Amino acid sequence: MKNFKILIVMMALLVPMAMAANAPKSGKVRLVIGDVKYQKLGKAKWMPLRVDGKVQEKDVIKTEAESTVSIAFPDGSVVAVAENSEVEFSQLVYNDGSQISTMDVKKGQLRFDVQKQKGDNNSFKFKTGTGICAIRGTDGVVGLTSNGQILGSLNSGAMDMEQGGTVVNVKPKQFVIMRENKTPIIGEAANAGDMDFMKQVALLAEDTTKSADEIIASAKEIDKKIDSSKEGLKDGYSCRFDGWPVTVDTNVVVFSAMCTPGMSVTIGAETLKSTGEKLTFSPDWEATSYGDKKFVVTCTANNKTFECGRLTTTYKVNHSASFGAIDDKNCIAEVKTRGFEGNKGVLTVTADDSLAWDTTLVRDAVLKLPIMPGKHKYTLEGDSAAGKVTQEINCSLPAGVAIELKGGASEVIKKKVSQGAFMYPVLEFVVNNVPGNDPAQIKSVAVKVEGKSFETKFAPSTTGIAYRSTLRLPRGKTSFVDIVVTMKNGDAITAKKSYEIR
């Protein structure tokens, strides 16, 4: 910081906002088909779950036959609970772009489409019986067979499945059956992330008479049949998407498509039925969840579902700032920032092309910026491609700036004969009423005696801006000291003091 102070006044309710950011967050219900109920922690009653409802931490969701529900998470991730399933949302925490989510699959299966998890502060996990599935940004299926075996599969991305110390790094187009005290079954399938495929794999796994090789061989046959049926559908049903933005600076992206009439199309947690007219999808996420966003498009026709596209965008809000109200009487400019909320960056302020101040911000704020008297050019710049904002600001120094002389306007000094022909008194004075006691508003300070200049230095003061100057004055006469304080706006404040050296 150069020569002046910046006072930062955060936006109203900033402390409550920070507290709320640490609190558990809810998931939003975006799709309900059939009979879906939920139960609150400690409550025995099951209540119907509706579209736009909230799923809170510790809630349990239960689906009946031919029923499903899709839940959207703060970062844009989506979980769809399949029929005849029961899932507890054990942990739902979101804070400044970091999300921690844990779901306990007590029965049945669910399909997930999880956004890329960033760093150690993000975690997306599924508990399945005695195992854990850790997701790192992917889509697939996890769940349990009716006899408690753990299932997991991937369409894309990465997932670690763990049970009893055994860890399987699941790859795209793989399915895994974790069997307690047995070697996991790992198979390859083009439809590994397909819910219908995994339901049939679950039935295979429940047959304890089948060996691992037999299960894998049967799964391959199922995979081929599903592939064949999907190929026929893809010939008759399709979607054509309009162009969409590669990057967005708001926490929503709009996708538009023309699709074959009669089919259902799902993006994220939105499902729309095509009538041949344009379909519009608007997946969204928390405003502080920055980064890449991916969306799998699934199409359903004739009771068969297949992937019919993948859409991506990047959510990035540039760091920027703008000038607000200007208080030209008190020389204060209001600076409003944008894009720093949960998105750390640097804001730089220059005055007349010289660095005045820079700081790292993690939240948007309203800054109170003291400005110099007179007319000056100020530039605001965030560390992004948002560009610079420059404004010329004219501030008139308020009346009342004055020089206070320590010891009064005149002093008499008695000098001993042995002290020589000159005395060296210390002149002290204070410049009062400078806004904010900001030395940057003073351009120069001059102390002269009969045209001869003397050096001035800052001095400690509890009031205004203090100066000290050591003089050299002759004996036997009265000397007059001229003091001129010139402000940045051109105003000159003067004072005079006399010293009589006897």
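This is a short tour of the structure, stop by stop, with residues to select at each one.

The model is predicted: local features need pLDDT of at least 70, side-chain atom pairs count only at pLDDT 80 or more, and totals for chains, interfaces and linings use all residues. Residues are numbered from 1 along each chain as its sequence is written, and side-chain values use heavy atoms, with hydrogens and water left out.

**Stop 1: the disulfides**

A disulfide is a covalent bond between the sulfur atoms of two cysteines. Here it is taken as a pair of cysteine sulfur atoms within 2.5 Å. The structure has two of them.

Select Cys-239 and Cys-259. A disulfide joins this pair, S to S 2.1 Å. The link of Cys-239 and Cys-259 is right-handed, with 115 degrees about the S-S bond. It ties together distant parts of the chain, 20 residues apart: Cys-239 sits in strand E20 (residues 239-241) and Cys-259 in strand E22 (residues 255-259). Strands (E, at least two residues) and helices (H or I, at least four) are DSSP runs, numbered from the N terminus.

Is Cys-259 buried or exposed? Cys-259 is buried, because its relative accessible area is 6%. Buried means under 20% relative accessible area, exposed means over 50%, and partly exposed lies in between (1.4 Å probe, protein chains only). Cys-239 is buried as well.

Now show what surrounds Cys-259. Leaving aside neighbours within four places in sequence, Cys-259 is in contact with Ser-238, Cys-239, Val-265, Ser-274, Gly-276 and Leu-279. Contact means heavy atoms within 4.5 Å. Add Tyr-237: Cys-259 and Tyr-237 are 22 residues apart in sequence and 7.5 Å apart in space, C-alpha to C-alpha.

Next, select Cys-299 and Cys-308. Their sulfur atoms are 1.9 Å apart and form a disulfide. This link of Cys-299 and Cys-308 is right-handed, with 80 degrees about the S-S bond. Cys-299 counts as buried because its relative accessibility is 0%.

**Stop 2: the nonpolar cores**

A nonpolar core is a set of buried Ala, Val, Leu, Ile, Met, Phe, Trp, Tyr and Cys residues joined through side-chain atoms within 4.5 Å. Select Ile-61, Val-79, Phe-89, Phe-112, Phe-126 and Met-159. These have the most contacts inside the largest nonpolar core, which has 33 residues. Strand E9 (residues 86-95) gives the largest share of this core, three residues.

Centre the view on Ile-61. Beyond its neighbours within four places in sequence, the contacts of Ile-61 include Val-36, Tyr-38, Trp-46, Leu-49, Val-69, Ile-71 and Phe-89. Another core, of 25 residues, lies apart from the largest core; among its members are Val-401, Val-431, Val-447 and Val-481.

**Stop 3: the pockets**

On a 1 Å grid over the protein atoms alone, a cavity is a set of points where a 1.4 Å probe fits but cannot get out; a pocket is an open set with protein on both sides within 12 Å along at least five of seven lines; lining residues have an atom within 4 Å of a point. Grid points are joined across faces, edges and corners, and a volume is the space filled by probe spheres set on the points.

The largest pocket holds about 1,200 Å³ of space. Select Met-195, Asp-196, Thr-298, Thr-300 and Thr-305, the closest to its centre among the 40 residues that line it.

Move to the second largest pocket, with about 330 Å³ of space. Of its 16 lining residues, Asn-84, Gly-108, Gln-109, Leu-144 and Glu-206 lie nearest its centre. Strand E10 (98-107) and helix H2 (195-206) each give two or more residues to this lining. Which element gives the most? H2 does, with four residues.

**Stop 4: the cavities**

There are two cavities of 30 Å³ or more. The largest has a volume of about 80 Å³. Its lining includes Arg-30, Ala-72, Val-78, Ile-267, Glu-270, Asp-284 and Phe-295.

Finish at the second largest cavity, with about 30 Å³ of space. Select Lys-406, Glu-428, Phe-429, Val-430, Ala-459, Pro-460, Ala-466 and Tyr-467, which line this cavity. Strands E38 (426-432) and E42 (465-470) each supply at least two residues of the lining. E38 gives the largest share, three residues.
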